[in-house]
Amino acid sequence: MPQDRIISRALAAFVAATLCLPAAFPKDKPRKGPDELGNSDPGKGINFYSLEREIALGKQMSREVEREARMVYDGAITEYVNRLGQNLVRNSEAKVPFTIKVIDSDEVNAFALPGGYMFVNTGLILKADSEAELAGVMAHEIAHVAARHGTRQATRGELINYGSIPLVFLGGWAGYAVRQVAAIALPMGFLRFSRGMETEADYLGLQYVYKSGYDPLAYVDFFEKIQAIERSRPGAISKVFSTHPMTGDRIRHAQKQIQTEFKALPDYVVDTSEFHEVRDRLARIQARRKGQEQNEYLPVLRRRTAARSGASAPTQ
């Protein structure tokens, strides 16, 4: 039998076996609570990307995002969002450093690319009512990176494509990665995760929020709000959220996880004055840019009068 046919049959058998594996987070997978963070590796699984390649790919993709998107460069806003995210990363299982930036977009959204390149939309910051809500969404995205969902999903998709499988084993995977980058304006293909991956990100994200000292219920509160907005105004929420919505089942699972797996803490961080200062600053900047300044965002000019200054009124 010719060698190429042997290889093809072996690869076909490999693919068949691989596709029989659950996508992510099977029900019988042993779960570890937040006290076990660091002792597990949620990124395990078949993956054609090394961590180094994953970081390199994410860097290329992030450059594409920054070329296409309108970025926020205000120091107070970007420093706050980065500091908030880095604290969550320290309390996660991510094995890559994170670069966190802010996009000026009304869409309620945040996304993290492979390799730890994370973007937070201004629409998300303005829609959140507390720091804990913002932290919850960011923790969910950090969980996608910690579990390497982007490249695992890409690997799974590539395995389905029989015609391109030999390229992987013959050193062509780097070329495939380059083609993926070249073919996108915004890297949505690496952000549409399976339902199992979304469930795993929910589970891990709640642990990271809890471990960072935030009230995990704020995560559920935010997605209940998002769900209500989407019901009342379909299409108002980012396509990423609508592709994998926070369904009632996912909300109930998150609530059950909080009730059964998390020990009650004497104090949670729910909100901070800094969050509101940053959100108000962002609202003022956006109102100015759009030419829609409102009185609540602008200083009020009052003229000094004799009565207010304490001087006596002039007499005639």
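The exercises below work through a predicted model of one chain, from its overall make-up to single residues.

Residues are numbered from 1 along each chain as its sequence is written. Local features need pLDDT of at least 70 and side-chain atom pairs count only at pLDDT 80 or more, while totals for chains, interfaces and linings use all residues; side-chain values use heavy atoms, with hydrogens and water left out.

**Exercise 1. Describe the chain as a whole.**

Step 1. Secondary structure comes to 14 helices and 3 strands. Helices (H or I, at least four residues) and strands (E, at least two) are DSSP runs, numbered from the N terminus.

Step 2. The chain has 316 residues, and 46% of them count as buried. Buried means under 20% relative accessible area, exposed over 50%, and partly exposed in between (1.4 Å probe, protein chains only).

Step 3. About 16900 Å² is exposed by the chain, 52% of it supplied by carbon and sulfur atoms. The areas come from the Shrake-Rupley method with a 1.4 Å probe; for residues, only the protein chains shown count as cover.

Step 4. Among contacts with a separation of 6 or more, 77% join residues 24 or more positions apart. Contact means heavy atoms within 4.5 Å.

**Exercise 2. Find which residues touch the most other members of the largest nonpolar core, and which helix gives the most to it.**

Step 1. A nonpolar core is a set of buried Ala, Val, Leu, Ile, Met, Phe, Trp, Tyr and Cys residues joined through side-chain atoms within 4.5 Å.

Step 2. The largest such core has 51 residues, of which Val 120, Leu 134 and Met 138 touch the most other members. Helix H5 gives the most to this core, with 10 residues.

Step 3. Apart from this core lies another, of 11 residues, including Met 61, Phe 111, Tyr 117 and Ala 154.

Step 4. Leaving aside neighbours within four places in sequence, the contacts of Val 120 include Val 81, Ile 100, Val 102, Ile 103, Leu 134 and Met 138. Lys 101 and Asn 109 are also among them.

**Exercise 3. Work out how the buried residues of H12 are arranged, and what they pack against.**

Step 1. Check the length. At 1.5 Å a residue, the 14 residues of H12 should span 20 Å, and the end C-alpha atoms are 20 Å apart, which agrees. The expected span is 1.5 Å times one less than the number of residues.

Step 2. List the buried residues of H12: Arg 250, Ile 251, Ala 254, Gln 257 and Ile 258. Seen down the helix axis, they fall within an arc of 120°, so they line one face of H12. The arc is that of the directions from the helix axis to the C-beta atoms.

Step 3. On the other side of H12, His 253, Lys 256, Gln 259 and Thr 260 are exposed.

Step 4. The buried residues of H12 pack against helix H5 (131-146), H9 and helix H10 (217-232).

**Exercise 4. Characterise H9 and the aromatic pair that Tyr 210 forms with Phe 262.**

Step 1. Of the 17 residues of H9, 13 are buried, so this helix is largely enclosed by the rest of the structure. Just after H9, Gly 213 takes a positive phi of about 95°.

Step 2. Rings of Phe, Tyr and Trp (its six-membered ring) pair if their centres lie within 6.5 Å; planes under 30 degrees apart count as stacked, over 60 as edge-to-face and the rest as tilted. By this rule the count comes to 4 aromatic pairs.

Step 3. Tyr 210 and Phe 262 form a stacked pair, at 4.4 Å centre to centre with 15° between the planes. The two are 52 residues apart: Tyr 210 is in H9 (residues 195-211), and Phe 262 is in the loop between H12 (248-261) and H13 (273-290).

Step 4. Tyr 210 is buried, with a relative accessible area of 9%, and Phe 262 is buried, at 8%.

**Exercise 5. Decide whether Glu 277 and Ile 285 of H13 are buried, partly exposed or exposed.**

Step 1. Glu 277 is in H13 and counts as exposed, at 52% relative accessibility. Ile 285, also placed in H13, counts as partly exposed, at 27%.

Step 2. Ile 285 and Asp 74 are 211 residues apart in sequence and 9.3 Å apart in space, C-alpha to C-alpha. Leaving aside neighbours within four places in sequence, Ile 285 is in contact with Asp 74 and Ile 77.

Step 3. Buried residues of H13 include Phe 275, Val 278, Leu 282 and Ala 283. The buried residues of this helix pack against helix H3 (75-90), helix H4 (122-127) and H5.
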